[in-house]
Amino acid sequence: MTLQKKTVIKDSEGLVTEIWTDIATVWAAVEPLRGREYFEAAAINAENTVRIRMRYKAGVKPDMRVIYSGRIFNITSVIDIDERHQEMHLMCRELMAG
């Protein structure tokens with residue numbers, strides 16, 4: 001999967017453009033939420049909510065996004081498991097096409 005960071009660029013006429021830049025490509029596991037987690041997430045919104053498990057990487061923030069198998073996931077929360085800087089979970093919502 002690829003982590004991306006948003007950059008806002010303002011041109012000489014004052015027009016603002018947002019671009020996404022790749023910052024890292026890492027191994028990760030994408031896990032759909034199921035059971036109680038799934039229904040709690042669905043009560044909040046109807047979007048596809050997933051947990052992405054990966055090795056700890058400093059600097060990952062909720063204003064970033066993930067590209068995985070051609071799908072785009074907005075990061076909603078970053079969890080450093082047991083605050084040990086070894087594994088992290090990214091709680092994400094899939095950006096649905098359409």
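Student: Two strands count as paired if DSSP finds at least two bridges between them. With that settled, which residue stands opposite H89 in β7?

Tutor: In this model, which is predicted, the residue opposite H89 in β7 is I79, and the strands β6 and β7 run antiparallel and are joined by seven bridges.

Student: How many residues lie between β6 and β7 in their hairpin?

Tutor: Six residues separate the two strands of that hairpin, and within the turn D82 has a positive phi of about 55°.

Student: And what does β7 do with β4?

Tutor: Those two strands also pair in the antiparallel sense, over seven bridges, with E87 of β7 serving as the bridge partner of R55.

Student: Stepping back, what order do the strands have in the sheet?

Tutor: The sheet is open and has seven strands, in the order β2-β1-β5-β6-β7-β4-β3, with antiparallel pairing. Its edge strands are β2, residues 16-25, and β3, residues 28-32, each of which pairs on one side only, and neighbouring strands are turned against each other by 35° on average when direction is ignored.

Student: Where does the helix come along the chain?

Tutor: Reading from the N terminus, the elements run β-β-β-α-β-β-β-β, which is to say that the chain has one helix and seven strands.

Student: Back to the sheet: how many bridges pair β5 with β6?

Tutor: Strand β5, residues 65-68, pairs with β6 over four bridges in the antiparallel sense, and the bridge partner of V66 there is F73 in β6.

Student: Why is β7 described as largely enclosed?

Tutor: Six of its eight residues are buried, so β7 is largely enclosed by the rest of the structure. Buried here means under 20% relative accessible area, and across the chain of 98 residues, 28% are buried.

Student: Which residues touch the most other members of the largest nonpolar core?

Tutor: That core has 14 residues, and those touching the most other members are L3, V66, I75 and L90. At least two core residues come from each of β4 (49-55), β6 (71-80) and β7 (87-94). As a general point, nonpolar side chains in soluble globular proteins tend to be buried together.

Student: What is L90 in contact with, leaving aside neighbours within four places in sequence?

Tutor: Its contacts include M1, L3, V50, I52, M54, V60, V66, I75 and V78, and R51 and S77 are also among them.

Student: Last one: how much area does the chain expose?

Tutor: The chain exposes about 6,900 Å², and carbon and sulfur atoms supply 50% of that area.

Notes:
Residues numbered from 1 in each chain as written. Predicted model: local features only at pLDDT ≥ 70, side-chain atom pairs only at ≥ 80, totals over all residues. Heavy atoms only, no water. Core = buried A, V, L, I, M, F, W, Y, C linked by side-chain atoms within 4.5 Å. Buried < 20%, exposed > 50% of the residue type's maximum accessible area, 1.4 Å probe, protein only. Contact = heavy atoms within 4.5 Å. Areas by Shrake-Rupley, 256 points an atom, 1.4 Å probe, with all protein chains shown as cover. Axes fitted to C-alpha atoms, helices over the stretch in contact; angles between N-to-C directions.
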